[in-house]
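Work through the following exercises with the sequence and the model open beside you. Try each task on your own before you read its solution.

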Amino acid sequence: MTMEPLILPPVPGLRGIDVYEAHGGYGMLRKAIAMKPEEVTDEVKKSGLRGRGGACFPTGLKWTFMPKQTDKQKYLCVNGDESEPGTFKDRQIFELNPHLLIEGAVIAAYAMGVGTIYLYIRGEYNKWIAMVQKAVDEAYARGYCGESILGSAFSTSFTVHRGAGAYICGEESSLMNSIEGERGYPRVKPPFPAQFGLWGCPTTINNVETIANVPVILRLGWEAYSKIGHPKHPGPILVGVSGHVNNPGVFELPTGVLLTDIIHKYAGGVPGNKKIKAVIPGGSSTMILRGEALEGVTMDAEGLKAAGSSVGTAGLIVMDEDTDLIRVLTRIAGFYHHESCGQCTPCREGTGWMHKILKRFERCEATTADLDLLLEVANNIEGNTICALGDAAAWPVQSMIKRFREEFEKRVKPTLVIASGTPVIASGAPVIASGGGAYGATTTKQSGLPVVIASGAAGATKQSG
Ligand SMILES: Cc1cc2nc3c(=O)[nH]c(=O)nc-3n(C[C@H](O)[C@H](O)[C@H](O)COP(=O)(O)O)c2cc1C
Ligand code: SF4
């Protein structure tokens, strides 16, 4: 499956406006402005483009939610918060092709009648913020942003807004609060942003990569675009590959590409030819897959749904056979606990409980009851919160228990078995047989901890600690 790169073509110096223009840059803005706004939206709708920010929502359809007749200002927020662990693709656009993003945003603004564009960028992206700001300044200087764009009656401003390093500010309603200068709390929906967005005005929020696809659609035409990759989720997709691969990075590929091809063909396979134990396909919030279950799974909404996961941000994390998955999950759970905004109880408390329980597994101090408790906490978060951060925290835990139960069982605190065969769950740490010799106890090893097995006739073993 090959495809000429459309979002990140390997053109030296493309970041500068002269090179961008020399390669046809801003030609699609010119084309769009000669069309009726609804024709532009229709083109995007028919192309089948779906959002690249995580939920795969159809982009053209989202644009139609913006009211046509309104006295209020309309806004477009381009989401470049990019804070999901395992995700680092939007920054490639900032660095290698920022004018494609700017052109796409101005075309989107024209289609929706938007007079103000905000590009919200992750606060830690210092280098990339400077690069994008330079490109925006260049676009203003050439008349692609601002008043009477290309001599038309259409005007729109373009502001780069720097975030302050909170993952939750990537959630669209929280992002709007952040731009307004409020605390980055997600809002209860409805009302949805198209009705009540920035400062109560109609607003559309789209991911950076989604918007960068817009000039490509106009250039190829919706029909040709819709034939790239998977028919129900077409187009090029930027896949970020990290973890145990020889050649990590961002690869522009058609949707529908096999996960095994991404790993072996593009990302150079696993160091030392080790086996793949697990893969997180679309950023840390997506459900984990077993290495043995990757055969035939494709990177698109349909393929990953069928495999029991989702595309998310297409940030694929590869873990080899030696990976301590409990440690990985504990780290992920710690992230969501830290990033929870604290508005809703299931998320605020539940993420902390999950993290605590997982730390017990990490230390081999958990009991089998902890596994049930962990699942119960995750199930009680899912679907019971204001925003999807709660789900994002629950899914990795639920999927890890479902697909890697043995990893948890290996880390349960050793059980003491008395002579009668009744298991005794050790409640303290570590497990030490007292008077083992007298009771004929033998010591063996499991998960690096001593396990005491009573083999004598005496009726009891005892633990201290
Ligand atoms: C906790 C959380 C963090 C998010 N972070 C991002 C982000 O960094 N970038 C992004 O585009 N979307 C992020 N989203 C999704 C946005 O809310 C929104 O759906 C997306 O920007 C819409 O763009 P799209 O339709 O083009 O995909 C996040 C969602 C949640 C719940
Ligand atoms: S789910 Fe979590 S992050 Fe989202 S609003 Fe509730 S507490 Fe905040």
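**Exercise 1. Decide whether M131 is buried, exposed or partly exposed, and find its surroundings.**

Solution. The model is a predicted one, and the first step is to count the neighbours around the chosen residue. M131 has 17 other C-beta atoms within 10 Å, and it is therefore partly exposed, since a residue is buried if 20 or more such atoms lie within that distance and exposed if 12 or fewer do. The second step is to place the residue, and M131 turns out to lie in helix α7, which covers residues 126-141. The third step is to look for partners beyond the neighbours within four places in sequence, and here M131 is in contact with R15, F94, E95 and P98. As a last step, compare sequence with space: M131 and G16 are 115 residues apart in sequence, yet their C-alpha atoms are 9.6 Å apart.

**Exercise 2. Do the same for A34, and state where it is located.**

Solution. Begin with the location, which for A34 is the loop between α2 (27-33) and α3. Next, count the neighbours: A34 has 10 C-beta neighbours inside 10 Å, so it counts as exposed. Finally, consider a partner that is distant in sequence, namely S152, which is 118 residues away from A34 along the chain and 9.1 Å away in space, C-alpha to C-alpha.

**Exercise 3. Describe how helix α3 and helix α9 pack, and say which residues meet.**

Solution. Two packed helices are described by the angle between their axes and by the distance between those axes. For helix α3 (residues 37-47) and helix α9 (residues 208-220), the angle is about 95° and the axes are 10 Å apart. That angle makes α3 roughly perpendicular to α9, because angles of 65 to 115 degrees count as roughly perpendicular. The next step is to name the residues in the contact: E43, V44 and S47 on the side of α3 meet V214, I217 and L218 on the side of α9. Sorted by class, the contact of α3 with α9 holds 4 nonpolar residues, 1 polar residue and 1 charged residue.

**Exercise 4. Explain why α9 can be called largely enclosed, and say what follows the helix.**

Solution. Start by listing the buried residues of α9, among them V208, E209, T210, I211 and A212. Then compare the total with the length of the helix: 11 of the 13 residues of α9 are buried, and therefore the helix is largely enclosed by the rest of the structure. The residue that follows α9 is G221, which has a positive phi, near 90°.

**Exercise 5. Find the largest nonpolar core and follow one of its residues.**

Solution. The largest nonpolar core has 124 residues, and those with the most contacts inside it are A105, I107, V239 and I262. Helix α6 (residues 98-112) gives the most to this core, contributing 11 residues. Now follow V239, which, when residues up to four places away in sequence are not counted, touches V250, F251, L253, I262, M299, A314 and L316. One of these partners, A314, deserves a further step, as it has a positive phi of about 60° although it is not a glycine. A314 is placed in the loop between α12 (301-306) and β11 (315-320), and with 28 C-beta neighbours inside 10 Å it counts as buried.

**Exercise 6. Compare the residues that surround the two ligands.**

Solution. Take ligand 1 to begin with: 24 residues surround it, and the closest are G51, G53, G170, N207 and T210. The elements that give two or more residues to this shell are β4 (203-207) and α16, and β4 gives the most, with 3 residues. By class, the shell around ligand 1 divides into 9 nonpolar, 9 polar and 6 charged residues. Then turn to ligand 2, which is surrounded by 14 residues, the closest being C341, C344, C347, T385 and C387. The elements that give two or more residues to the shell around ligand 2 are α14 (345-362) and α16 (389-403). This shell divides into 8 nonpolar, 5 polar and 1 charged.

**Exercise 7. Locate the cis peptide bonds around P190.**

Solution. The bond that joins K189 and P190 is cis, with omega at about -5°. The bond from P190 to P191 is also cis, with omega near 5°. As for location, P190 lies in the loop between α8 (172-179) and β4, and P191 is found in the loop between α8 and β4.

Key. Residues numbered from 1 in each chain as written. Chains lettered and ligands numbered in written order. Predicted model: local features only at pLDDT ≥ 70, side-chain atom pairs only at ≥ 80, totals over all residues. Axes fitted to C-alpha atoms, helices over the stretch in contact; angles between N-to-C directions. Helix = DSSP H or I, 4+ residues; strand = E, 2+ residues; numbered from the N terminus. Parallel < 35°, antiparallel > 145°, perpendicular 65-115°, else oblique. Contact = placed C-beta atoms within 7 Å. Nonpolar A, V, L, I, M, F, W, Y, C, P; charged D, E, K, R; others polar. Core = buried A, V, L, I, M, F, W, Y, C linked by C-beta atoms within 7 Å. Near = placed C-beta within 6 Å.
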